Amino acid sequence: MKIDIPSEQAMQEFGLKLSKLLTGGVTLELIGDVGAGKTTLTRSIARGLGITDPIHSPTFTISNRYETQSELQVAHYDFYRLSDAGIMKDELAEVLEDERTITIIEWGDIVEEILPDSRITIRIRSDSEHSRQLDCIAHNQLTQKILEQLL
Ligand SMILES: Nc1ncnc2c1ncn2[C@@H]1O[C@H](COP(=O)(O)OP(=O)(O)OP(=O)(O)O)[C@@H](O)[C@H]1O
Ligand SMILES: [Mg+2]
């Protein structure tokens with residue numbers, strides 16, 4: 001599914017809308033160049049889930065966890081600096097199994113083989129300063145339903 005995002009505000013609205021459809025156990029795999037908007041999108045999803053803590057890219061810690069206002073948690077990963085995920089892969093595997101956690105992953109190629117089917121891959125392309133094109137792919141029925149509700 002392709003979605004045109006003309007502005008940063010439109011990206012925020014997309015994140016907000018998506019956040020309302022997410023359930024525990026769903027993983028978002030965000031793909032895009034440096035500055036594409038992966039963390040910006042993560043922030044608006046977090047906001048939509050009622051997270052008020054500031055969202056910083058987990059550049060050095062690799063992972064951050066946030067409590068939402070419901071029983072859901074958000075785990076945010078950024079594997080940009082790693083060429084081998086090492087024990088982070090085991091930690092991630094455990095988090096991915098947690099039915100109360102929504103997992104959002106930036107630069108996840110090195111953990112691709114453990115990413116679950118209950119996942120949406122969002123590729124962000126940028127062709128100008130503010131406009132973005134999203135290419136969203138669902139990997140199972142549940143996530144396909146989520147994408148359908150975005151339309
Ligand atoms: N439509 C848009 N959607 C998202 N971000 C936008 C948009 N227009 C402008 N921006 C700007 O682009 C930048 C995106 O940076 P962001 O940190 O979200 O990228 P990233 O994909 O997470 O990069 P990295 O790979 O370094 O983690 C921000 O400065 C944001 O303000
Ligand atoms: Mg980022």
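Q: Buried means under 20% relative accessible area; given that cut-off, why does I3 count as buried?
A: This is a predicted model, and in it I3 has a relative accessibility of 19%. The limit is under 20%, so I3 counts as buried. I3 lies in strand β1, and, leaving out residues up to four places away in sequence, it touches F14, R132, Q133, L134 and C136.

Q: How do you know that I3 and D135, although 132 residues apart in sequence, are brought together in space?
A: The distance between their C-alpha atoms is 6.6 Å, so the separation of 132 residues along the chain is bridged by the fold of the model.

Q: What makes S63 buried or exposed?
A: The relative accessible area of S63 is 17%, and since buried means under 20%, S63 is buried. This residue lies in strand β3, which covers residues 63–67, and its contacts, not counting residues up to four places away in sequence, are P58, H76, Y77, M88 and E91.

Q: Why is α2 described as largely enclosed by the rest of the structure?
A: Of the 11 residues in α2, eight are buried, so the helix is largely enclosed by the rest of the structure. Those buried residues are K38, T39, L41, T42, S44, I45, A46 and G48, and the elements that cover them include α1, β2, β4 (73–78), β5 and β6. Just after α2, G50 takes a positive phi of about 85°.

Q: What makes T39 and E106 count as donors to the magnesium ion, ligand 2?
A: A donor here is an N, O or S atom within 2.8 Å of the metal, and the ion is coordinated by OG1 of T39 and OE of E106 at 2.1 to 2.2 Å, so both atoms fall inside the cut-off. The pair links distant parts of the chain, with T39 in helix α2 and E106 in strand β5, 67 residues apart. T39 and E106 are both buried. Water is not among the atoms, so a site of this kind may look incomplete.

Q: How do you know that S7, G37 and H130 make polar contacts with ligand 1?
A: A polar contact needs a pair of N or O atoms within 3.5 Å. A backbone N or O atom of S7 lies 3.1 Å from a nitrogen atom of ligand 1, one of G37 lies 2.9 Å from an oxygen atom of the ligand, and a polar backbone atom of H130 is 2.7 Å from a ligand nitrogen. Each of these distances is within 3.5 Å, so each pair counts as a polar contact. The protein covers 76% of the 650 Å² of accessible area that ligand 1 has on its own.

Q: Which element gives the most to the shell around ligand 1?
A: That element is α2, with three residues. The ligand is surrounded by 17 residues, and the closest are E8, K38, T39, T40 and H130.

Q: What makes up the largest nonpolar core?
A: A nonpolar core is formed by buried nonpolar residues joined through side-chain atoms within 4.5 Å, and the largest one has 32 residues, with F14, L18, L28, I122 and L134 having the most contacts inside it. The largest share, five residues, comes from α1. A second, separate core has 12 residues, including Y77, M88, V95 and V111. In soluble globular proteins, nonpolar side chains tend to be buried together.

Notes: Residues numbered from 1 in each chain as written. Chains lettered and ligands numbered in written order. Predicted model: local features only at pLDDT ≥ 70, side-chain atom pairs only at ≥ 80, totals over all residues. Heavy atoms only, no water. Buried < 20%, exposed > 50% of the residue type's maximum accessible area, 1.4 Å probe, protein only. Helix = DSSP H or I, 4+ residues; strand = E, 2+ residues; numbered from the N terminus. Donors = N, O, S within 2.8 Å, 3.2 Å for Na, K, Ca; no water. Contact = heavy atoms within 4.5 Å. Near = heavy atom within 4 Å. Polar contact = N/O pair within 3.5 Å; in protein donor to acceptor, adjacent residues only side chain to side chain. Areas by Shrake-Rupley, 256 points an atom, 1.4 Å probe, with all protein chains shown as cover.
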